[in-house]
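Open the model in your viewer and keep the selection panel at hand. The tour goes stop by stop: what to select, then what is there.

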Amino acid sequence: MAELLTLARPYAKAAFAYATEQGTADSWSTALNLLSAAVQDEAFSAYLNRPELTPAEQVSLFAKVLGEEQSAAVSNFLTLLAENSRLALLPEVQAEYEQLKSQNNNTVDVVIESAFPMTSVQEQLLTHALEKKFEAAVSVTVEVKPELIAGVVIRAGDQVIDDSALNKLEKMRTRLLA
């Protein structure tokens with residue numbers, strides 16, 4: 001996974017730099033989202049990865065997916081990826097692009113995994129604390145995961161704050177077995 005992100009990062013940075021310069025960050029975001037979804041589709045991916053397809057033919061397949069969302073710049077970007085056999089990296093490129101976009105907008109996407117449903121007051125308090133910690137606006141998504149037993153796991157980009165009972169029990173188990 002880290003290897004794929006390492007390969008995808010330069011492409012995402014280049015796409016973001018270009019999109020920001022042109023003032024088309026949102027349209028690039030939409031296009032990358034569609035491209036990422038297409039590559040993750042099994043049937044499309046199997047057809048796309050046929051050895052007899054040239055990079056130009058691969059790019060033309062994406063033109064059908066994007067429709068009016070395909071600009072010349074996106075087409076050039078896809079050609080670059082196709083010529084370097086990197087089309088499979090589109091989901092990672094899209095994720096990295098969105099992270100760069102959030103950083104640029106001074107927002108942080110946070111996923112809170114909670115053992116129990118959170119009340120709106122709890123969610124607001126946690127959101128406020130996270131905004132102070134990250135010094136940015138926070139967009140929160142809450143997921144209920146009963147297997148955590150109690151507590152929360154907070155994921156923001158590559159940062160993870162694990163304050164779940166499951167994690168604490170696992171640490172205790174490791175110390176006891178050592």
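Contact, or touching, here means heavy atoms within 4.5 Å. This is a predicted model, in which local features need pLDDT of at least 70 and side-chain atom pairs count only at pLDDT 80 or more, while totals for chains, interfaces and linings use all residues. Residues are numbered from 1 along each chain as its sequence is written, and side-chain values use heavy atoms, with hydrogens and water left out.

**Stop 1: a proline in a loop**

Select Pro117. Its place is the loop between strand 1 and helix 7. Helices (H or I, at least four residues) and strands (E, at least two) are DSSP runs, numbered from the N terminus. Leaving aside residues up to four places away in sequence, Pro117 touches Gln122 and Val144. Is Pro117 buried or exposed? Pro117 counts as exposed, because its relative accessibility is 63%. The scale is this: buried is under 20% relative accessible area, exposed is over 50%, and partly exposed is in between, with a 1.4 Å probe and protein chains only. Now add Pro146 to the selection. The two prolines, Pro117 and Pro146, are 29 residues apart along the chain, and 9.3 Å separates their C-alpha atoms.

**Stop 2: the strands**

Select residues 107–114 and 151–156. These are strand 1 and strand 3, which pair in the antiparallel sense over five bridges. Two strands pair if DSSP finds at least two bridges between them. Find Ile112: its bridge partner in strand 3 is Ile154.

Add residues 159–164, which form strand 4. Strand 3 and strand 4 run antiparallel and are joined by six bridges. Two opposite pairs can be picked out. Val153 faces Asp162 in strand 4, and Arg155 stands opposite Val160 in strand 4. In a regular strand the side chains alternate between the two faces of the sheet.

Move to the turn. Strand 3 and strand 4 form a hairpin with two residues between them. Gly157, in that turn, has a positive phi of about 65°.

**Stop 3: the largest pocket**

Keep Gly157 selected. Add Gln99, Asp109, Ala156 and Asp158. Of the 25 residues lining the largest pocket, these five, Gly157 included, are the closest to its centre. The pocket holds about 700 Å³ of space.

How is a pocket found? On a 1 Å grid over the protein atoms alone, a pocket is an open set of points where a 1.4 Å probe fits, with protein on both sides within 12 Å along at least five of seven lines; lining residues have an atom within 4 Å of a point. Grid points are joined across faces, edges and corners, and the volume is the space filled by probe spheres set on the points.

Which elements supply the lining? Helix 1, helix 6, strand 1 and strand 3 each give at least two residues. Helix 6 gives the most, with eight.

**Stop 4: the nonpolar cores**

Select Trp28, Phe62, Leu78, Leu90 and Tyr97. Of the 32 residues in the largest nonpolar core, these touch the most other members. Such a core is a set of buried Ala, Val, Leu, Ile, Met, Phe, Trp, Tyr and Cys residues joined through side-chain atoms within 4.5 Å. Two or more residues come from each of helix 1 (2–22), helix 2 (25–40), helix 3 (42–48), helix 4 (55–66), helix 5 (72–83) and helix 6 (90–104). Helix 2 gives the most to this core, with seven residues.

Another core, of twelve residues, lies apart from this one. Leu126, Leu130, Val138 and Ala156 are among its members.

Return to Tyr97 and show its contacts. Beyond four places in sequence, Tyr97 touches residues including Phe16, Trp28 and Leu32.

**Stop 5: helix 5 and the loop after it**

Select Leu81, in helix 5. Leu81 is buried, because its relative accessible area is 0%. Not counting residues up to four places away in sequence, Leu81 touches Tyr11, Arg86, Leu87 and Leu90.

Next, Ser85, in the loop between helix 5 and helix 6. Its phi is near 55°, a positive value in a residue other than glycine. Ser85 counts as exposed, because its relative accessibility is 62%.

**Last stop: Glu135**

Select Glu135, in the loop between helix 7 (120–134) and strand 2 (137–144). Phi of Glu135 is near 50°, a positive value in a residue other than glycine. With a relative accessible area of 64%, Glu135 is exposed.
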